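Colleague: I'd like a close look at just one part of this model, the part you'd pick out yourself. Could you walk me through how it is put together, and what sits around it?

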Amino acid sequence: MREARAYNARSSERGAAHVKIIILGAGQVGTSVAENLVSEANDITLVDSNAELLEQLRERFEARTVCGNGASPTTLREAGADDADLLIAVTQSDETNLCACKVARTLFNLPTRIARLRSGEFVDYPELLAPDNFAVDFSICPEQIVTDYIKRLISFPEALQVLEFAEGTVSLIGVRAFEGGPLVGHPLKALRYHLPNIEVRIAAIYRNGEALIPEGDTIIVPGDEVFCLAASVHIRQVMREMRRGDHPMRRIMIAGGGNIGFRLARSIEQDYNVKLLDVNKRRTQMLATSLDRTLVLRGDSTDEKLLENEGIDEIDLFVALTNDEEDNIMSASLAKRMGARRTLALINRKSYVDLVQGGPIDIAISPAQISIGTLLAHVRRGDVVAVHSLRRGAAEALEIVAHGSSSESKVVGKPIEEIPLPRGVTIGAIVRNEVRDERIVRREVIMPHHDTLIEQDDHIIVFCTHKKLVRQVEKLFQVGFTFL
């Protein structure tokens, strides 16, 4: 906690718009982090051992780059660790990330250090991450984050995205409106008649890729991508207004037995009939001995005969999770053509995601975009609790805590209509905690109206139709002149 305050204090001295950040690893996660933070006027240095890749990223982001081993004291010094505010170590190697955090604290007293850890073993022993050991302030496991995300999609078969806020109290669901849906063809204000006992907010609508500002007279048309915000206990009823009732998932086929495929199969095999395909003999042997109820098969997920023999036409969800995104696209498309009810493909390149989703592939997900929100919540200031990228990173939803008194804050003690929200930014929900003896005893979900007052310590769910609006939102919630 002391070091987090040091990070805020140091960055405040520089000014709100300039935080000096070192990113180790220019892979998918590191590149996505850099793309988001560079667009918010931060001072970014990218470190990687691949000089050719760094040259491409330097031109793309106009960011400083250093070629070398991220755990090396010499490389870290060259990257500016002496006066950096934040280190984000997201290389492919857990050992490199841990060592870099230790070196950054010991030699440079770098205030805040975040590490990507792919192995669950380090997380199982938090004492290893303590200041006296590897000195990691916060760790993320993108593979586990993606696994949890896919599990939520399985629970809501017709959703494009399922996001949670305030420890699961509020959910944001993205769905595609269909011809004949109860609300399709009607204005948004009709929601109150369709769901008279449920508070729900339409946070945003995307039509043909363009964002619409939701208003009472806005009419939903077939094909609209609609984001609905409601208390989690009501979210299924809200979805039925947009989508036809769908039978739950029962039979799931996973292509790819890597880290994510294995984690997913292990986490759902008790509740679903799961088949797992992988081409590697040694890997399938390991999977077969490590999984209890999953049927492990050795074979190529693009093999039409194999899919036919394994009853692809009876599969409720085909999930393509191999390390080859072209194979994922091909196998998911093939599975859909052969009768799989719903398909999902893991795709790294955002341009591919936009290209294939909505055709034979129902959901295309980018691991970096899904996992980056957890990381960004620990990077940004202004008491941001959660950050979720929407629509493949084009928009964002944030959970921000309102701090300060009415004289110190631009939002506390003020009605919604008096808060100077930038166009494209909406306050979708407020979660108000009732605290007794330092324990939360009750969470109240409020769908705000124009006269709703923001109270101190409220958790505000804010929707930004474009990620460039995030910086303005953070400034709006900053307290006084200290930004603490």
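Modeller: Sure, and one term up front: I call two strands paired if DSSP finds at least two bridges between them. Keep in mind too that this is a predicted model.

Let's start at one spot and work outwards. D278 stands opposite R298 in β14. D278 belongs to strand β13 (residues 273-278), which runs parallel to β14 and is joined to it by four bridges. Now zoom out to the sheet they sit in. That's an open sheet of six strands with parallel pairing, and reading across it you get β14-β13-β12-β15-β16-β17. So to speak, the borders are β14 (295-298) and β17 (363-365), each of which pairs on one side only. Step from strand to strand and neighbours are turned by 15° against each other on average, ignoring direction.

Next, what lies on the sheet? Helix α7 (residues 142-155) packs there, touching β12 (251-255), β15 (317-320), β16 (342-346) and β17. Compare directions and α7 makes about 165° with β17. Over by the pair we began with, helix α11 (residues 281-290) lies across β13 and β14, running at about 170° to β14.

From α7 we can hop to another helix. Two packed helices are described by the angle between their axes and the distance between the axes. For α7 and α15, the angle is about 105° and the axes are 9 Å apart. The two helices are therefore roughly perpendicular to each other, since anything from 65 to 115 degrees goes under that label. If you want to find the contact on screen, look for P142, I145, V146 and Y149 on the α7 side, which meet P367, I370, S371 and T374 in α15. Sorted by class, that contact has six nonpolar and two polar residues, with no charged ones.

Helix α15 (residues 367-377) also packs with helix α2 (residues 28-38): their axes come within 9 Å and cross at roughly 60°. That angle makes α2 oblique to α15. The crossing of α2 past α15 is right-handed. From α2, the residues involved are Q28, V29, S32, V33, N36 and L37, and they meet A368, Q369, S371, I372, L375 and L376 in α15. This contact counts seven nonpolar and five polar residues, and again no charged ones. If you click on S371, you'll find it in the α15 list for α7 as well as in the one for α2.

For contrast, have a look at another sheet. It is open and five-stranded, with antiparallel pairing and the order β7-β8-β11-β9-β10. Each of β7 (161-165) and β10 (210-212) is an edge strand with a single partner, so one side of each is left without a neighbour in the sheet. Its twist averages 20° from one strand to the next. Inside this sheet, β8 (residues 170-176) and β11 (residues 225-231) pair in the antiparallel sense over seven bridges, and V170 stands opposite A231 in β11.

One last thing to look at there is a pair of rings. The structure holds two aromatic pairs, and one of them is Y206 with F227, edge-to-face at 6.1 Å centre to centre and 80° between the planes. Y206 is in strand β9 (residues 200-207) and F227 in β11, so the pair links distant parts of the chain, 21 residues apart.

Note on methods: Residues numbered from 1 in each chain as written. Predicted model: local features only at pLDDT ≥ 70, side-chain atom pairs only at ≥ 80, totals over all residues. Heavy atoms only, no water. Axes fitted to C-alpha atoms, helices over the stretch in contact; angles between N-to-C directions. Parallel < 35°, antiparallel > 145°, perpendicular 65-115°, else oblique. Left-handed = near helix turned anticlockwise from the far one by under 90°. Contact = heavy atoms within 4.5 Å. Nonpolar A, V, L, I, M, F, W, Y, C, P; charged D, E, K, R; others polar. Phe/Tyr/Trp six-rings, centres within 6.5 Å; stacked < 30°, edge-to-face > 60°.
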